[in-house]
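Load the model in your viewer and keep the sequence panel open. The stops below say what to select and what to look for at each one.

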Amino acid sequence: MIVSIDNNSGFCFGVTSAIRTAEEELAKGQLFCLGDIVHNGQEVKRLEQLGLETIDYDDLRTLHNIRVLLRAHGEPPSTYHIAHNNGIEIIDATCPVVKKLQERIHKTYIEHRDAQIVIYGKAGHAEVIGLQGQTNNTAIIIESEKDLDKIDFTRDIYLFSQTTKSVEGFNDLVAKLSALHSPNSIFEYHDTICRSVANRVEHLKAFAAEQDLVLFVGGRKSSNAKVLFEHCREANPNTIFIETQEDLQEKLSTLYRSARKHLSTFNFGLSTKIGICGATSTPQWLMQQVAEALQKLQK
């Protein structure tokens, strides 16, 4: 087998910075993280072994005089208020792109109190919770066309996007809102999608198309992983989602036993090209681990 790793896959700048900050702060002493630092279970385990302790919002409300890392996704103002009241030192690792978006949404909320702020994003996602908090939780979250009935098209609309959503989906939403809003109201939209993430799509599809088989490595909790996996599978139907090297061994064993049933156009051979890629929340070390596991399987 010819195994290659997509060099453009792996942590984005914001996640890389948050991980580095966590490692630096752990060297100074006890450190807690509010929620999983990244939506990848393997990386979370690695940092936990270094001493990072993951807590939730209930824990935050009861703990005092500790140090808490805020991950790249960002947090709503209420988190900072709780921390201040409990004497908690905040280590803020919010991605600069997300932080800027939070500030833009808050500014719009303050300046246009009677308008509707609409956020194209996944309801309940950590970043979206932080963005919605900038509007005192009044922003309308739109995931797809089925949510459009939440909007009053006779009122002014200011549209923003979660930084990791697809450009195509955002543009489609802009077109729909442009057609539906009242001519007597304002419709203003801001493309706030992170290009370091969005620009990966075309490269990822090109990489996937060159392979006989694609192993997409990602965390089950990662929205970005789900989106990029679908782009991979669109470019190459012979694409498998795996989370760990153990997951890999189980799925490849099944494929070896009945390749035709699972991947109708794929046959294993000495010159088989297998590509490994991942999400913005996938560590490089994990993709390398998968590559090494593949090499062992063929010996």
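## Stop 1: strand β10

Select β10 and show its side chains: L213, L215 and V217 point one way from the strand, V214 and F216 point the other way, and all of them are buried. In a regular strand, side chains alternate between the two faces of the sheet. The strand as a whole is mostly covered, with five of its five residues buried. Keep in mind throughout that this is a predicted model.

## Stop 2: the partners of β10

Add β12 to the selection. β10 and β12 run parallel and are joined by five bridges. Two positions are useful for orientation: L213 stands opposite I274 in β12, and L215 stands opposite I276 in β12. β12 is mostly covered too, since five of its six residues are buried.

Now add β11. Four bridges join β10 to β11, and these two strands also run parallel. For a landmark, pick F216, whose bridge partner in β11 is F241.

## Stop 3: the sheet around β10

Extend the selection to β1, residues 2-5. What is the order of the strands in this open sheet? Across the four strands the order reads β1-β12-β10-β11, and the pairing is parallel. β1 and β11 (239-242) are the edge strands; each has a single partner strand, so one side of each is left without a neighbour in the sheet. On average, neighbouring strands of this sheet are turned by 20 degrees against each other, with direction ignored.

The link at the β1 edge consists of four bridges to β12 (residues 273-278), and the two strands run parallel. Within that link, V3 has I274 as its bridge partner in β12.

## Stop 4: helices on the sheet

Select helix α9, residues 200-209, which packs on the sheet and touches β1, β10 (213-217) and β12. The direction of α9 makes about 160 degrees with that of β12.

Next select helix α10, residues 223-235. α10 packs on the sheet as well, touching β10, β11 and β12, and its direction makes about 160 degrees with that of β11. To see how the chain connects here, display β10, α10 and β11 together: they make a right-handed β-α-β unit.

## Stop 5: H231

Stay on helix α10 and pick H231, which lies in it. Is H231 buried or exposed? Its relative accessibility is 14%, so H231 counts as buried, the cut-off for buried being under 20%. Leaving aside its neighbours within four places in sequence, H231 is in contact with V201 and K205. Both V201 and K205 fall within the range 200-209 of helix α9.

## Stop 6: a second open sheet

Clear the selection and choose β2, β3, β4 and β5. These four strands form an open sheet in the order β3-β2-β4-β5, with parallel pairing. Which strands stand at the edges? They are β3 (53-55) and β5 (89-92), each with a single partner strand, so one side of each is left without a neighbour in the sheet. Here neighbouring strands are turned by 35 degrees against each other on average, direction ignored.

Zoom in on β2 (residues 32-34) and β3, which run parallel and are joined by three bridges. The bridge partner of F32 in β3 is E53. Then add helix α4, residues 77-85, which packs on this sheet and touches β2, β4 (67-70) and β5. The direction of α4 makes about 145 degrees with that of β5.

## Stop 7: the whole chain

Show everything as a cartoon. The secondary structure of the protein chain comes to 13 helices and 12 strands. Its radius of gyration is 21 Å, close to the 19 Å that the globule rule gives for 299 residues, so the chain is as compact as a globular protein of that length. The C-alpha trace spans about 65 × 55 × 25 Å along its principal axes.

Switch to a surface view. About 14,400 Å² of the protein chain is exposed, and carbon and sulfur atoms supply 49% of that area. Buried residues account for 51% of the 299 residues. For a contact map, count contacts between residues at least 6 apart in sequence: 68% of these join residues at least 24 apart.

Notes. Residues are numbered from 1 along each chain as its sequence is written. This is a predicted model: local features need pLDDT of at least 70, side-chain atom pairs count only at pLDDT 80 or more; totals for chains, interfaces and linings use all residues. Side-chain values use heavy atoms; hydrogens and water are left out. Two strands pair if DSSP finds at least two bridges between them. Axes are lines fitted to C-alpha atoms, for helices over the stretch in contact, and angles run from 0 to 180 degrees between N-to-C directions. Contact means heavy atoms within 4.5 Å. The radius of gyration is taken over C-alpha atoms; the globule rule is 2.2 Å times the number of residues to the power 0.38. Buried means under 20% relative accessible area, exposed over 50%, partly exposed in between (1.4 Å probe, protein chains only). Accessible areas come from the Shrake-Rupley method with a 1.4 Å probe; for residues, only the protein chains shown count as cover. A crossover is right-handed if, with the strands pointing away from the viewer, the path from the first strand over the helix to the second runs clockwise.
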